[in-house]
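Here are a few short exercises to get you acquainted with this protein chain. Have a go at each one before you read the solution.

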Amino acid sequence: MSIQFGPEYVRAIAPYQGGKPISEVAREFGLDEAKIIKLASNENPLGMPESAKQAMFEAVSDIGRYPDSNGFELKQVITTRYGVPQDWITLGNGSNDILELAAHAFVQPGQSVVYAQYSFAVYALATQGVGGRAIVVAAKDYGHDLKAMAEAITEDTRLVFIANPNNPTGTFLPAADIEAFLKAVPKNVVVVLDEAYNEYLAPELQYESTAWVKQYPNLLVSRTLSKAYGLAGLRVGFGIAQPAVTDLLNRIRQPFNVNSMAQAAAVAALNDSDFLKKSARLNAEGYRQLTEAFDALGLEYVPSFGNFVLVRVGSEDSAGARINLALLKRGIIVRPVGNYGLPQWLRISIGLPDENAAFIDALKKVLP
Ligand code: PMP
């Protein structure tokens with residue numbers, strides 16, 4: 001018998017399935033890399049802002065030194081933007097890092113973590129990675145049922161994950177619902193409010209979660225530079241919470257979890273409001289382009305508040321995988337979501353107008 005390493009809860013983890021890299025699809029299907037269109041990982045189709053690229057180049061000359069472990073300059077920008085002191089901020093290697101840190105800091109093996117069905121896959125991974133017990137609450141209209149989630153909390157619950165907007169479904173929870181939830185949750189349960197797609201919300205939907213952080217010592221808001229700010233490859237995110245929570249996260253993070261080029265680029269990107277506006281505008285236009293095509297094709301989709309749309313491409317459980325493969329052969333990479341329990345659906349990241357058009361064209365050809 002071969003030796004088994006590690007605890008059973010680690011061995012039971014199903015690895016994260018990311019969007020296929022362009023180079024891999026080119027190799028697998030014998031396609032020209034330059035012609036492949038990737039709408040699979042909710043990246044910013046504009047790429048990174050020019051301002052951030054410049055800041056990175058400047059940071060290169062100092063790369064022989066370790067980064068600022070406390071990320072002073074980056075925290076300074078966040079402080080000004082969100083009106084919270086530096087010791088309320090945790091920097092992360094992507095916001096994924098913040099989610100992991102929260103699980104490590106607050107959950108012991110056997111204790112429970114509450115999250116919603118069809119919510120971001122990393123909540124399950126982070127929970128399992130620390131031997132936590134997942135309490136998965138049935139979704140309502142593909143989104144979080146916050147009332148049911150509050151009721152699902154037990155004596156041993158230490159953490160709740162909420163994504164707003166949610167990935168992969170794109171659903172949105174209005175501010176009043178989240179506030180009611182925060183009121184209902186026991187004070188010893190940490191609530192992670194994951195706002196990775198916040199910057200795509202229309203102005204009338206925006207709300208100030210940092211005001212809640214001031215009111216609720218058990219609230220941790222997480223944000224990322226990977227989406228609207230266009231820095232997915234650099235890996236920068238941050239968490240905002242009161243010191244009682246932040247202090248623990250900072251104790252267990254790697255001392256240099258955000259590299260110097262990433263810190264420099266993040267400072268520039270956060271200050272680049274023109275790029276952010278351009279990204280949001282492009283996304284709104286792309287959303288219209290995709291959903292008008294889905295309407296014309298009679299395809300069901302979940303109204304989305306993020307930079308992607310979940311669309312049902314058939315009524316049999318093989319539909320998602322089948323259409324996905326047919327699209328891959330045509331050089332279009334989207335995201336199958338069978339691993340989320342949504343085998344009839346595909347998640348399409350919103351791209352540039354011509355990328356969206358190429359996807360729509362290919363979809364028309366591969367649909368039965
Ligand atoms: N939260 C949600 C809801 C996401 O969709 C993602 C990215 N897929 C993340 C967090 C993590 O992104 P990052 O680590 O790049 O910040």
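**Exercise 1: polar links**

Find how many residue pairs are in polar contact across the interface of domain 1 and domain 2 in this predicted model.

Solution. Start by looking for N and O atoms within 3.5 Å of each other. Across the interface of domain 1 and domain 2, that rule picks out eight residue pairs, both partners at pLDDT 80 or more. Next, try salt bridges: between domain 1 and domain 2 the count is zero.

**Exercise 2: who supplies the surface**

Work out which helix or strand gives the largest share of the side of domain 1 that touches domain 2.

Solution. First list the elements that each supply at least two residues there: helix H12 (273–297), strand S10 (308–312) and strand S13 (345–349). H12 takes the largest share, with five residues. Now sort the residues of that side of domain 1 by character: 12 are nonpolar, 10 polar and three charged.

**Exercise 3: the two domains and their interface**

Locate the domains along the chain, then describe how they meet.

Solution. Step one: domain 1 is assigned 18–47 + 274–366, and domain 2 is assigned 50–271. Step two: their C-alpha centres lie 26 Å apart. Step three: 25 residues of domain 1 are in contact with 23 residues of domain 2. Step four: about 1900 Å² is buried between the two domains, and carbon and sulfur atoms give 64% of that area. On the domain 1 side, Leu276, Phe305 and Tyr340 lose the most area to domain 2, together 35% of what that side buries.

How values were computed. Residues are numbered from 1 along each chain as its sequence is written. This is a predicted model: local features need pLDDT of at least 70, side-chain atom pairs count only at pLDDT 80 or more; totals for chains, interfaces and linings use all residues. Side-chain values use heavy atoms; hydrogens and water are left out. Domain bounds come from an automatic or database domain assignment. Contact means heavy atoms within 4.5 Å. Buried area is the accessible area (1.4 Å probe) that two parts lose on being put together, summed over both. A salt bridge is a side-chain nitrogen of Lys or Arg within 4 Å of a carboxyl oxygen of Asp or Glu. A polar contact is a pair of N or O atoms within 3.5 Å; within protein, one must be able to donate a hydrogen and the other to accept it, and residues adjacent in sequence count only if both atoms are side-chain atoms. Helices (H or I, at least four residues) and strands (E, at least two) are DSSP runs, numbered from the N terminus. Ala, Val, Leu, Ile, Met, Phe, Trp, Tyr, Cys and Pro count as nonpolar, Asp, Glu, Lys and Arg as charged, and the others, Gly among them, as polar.
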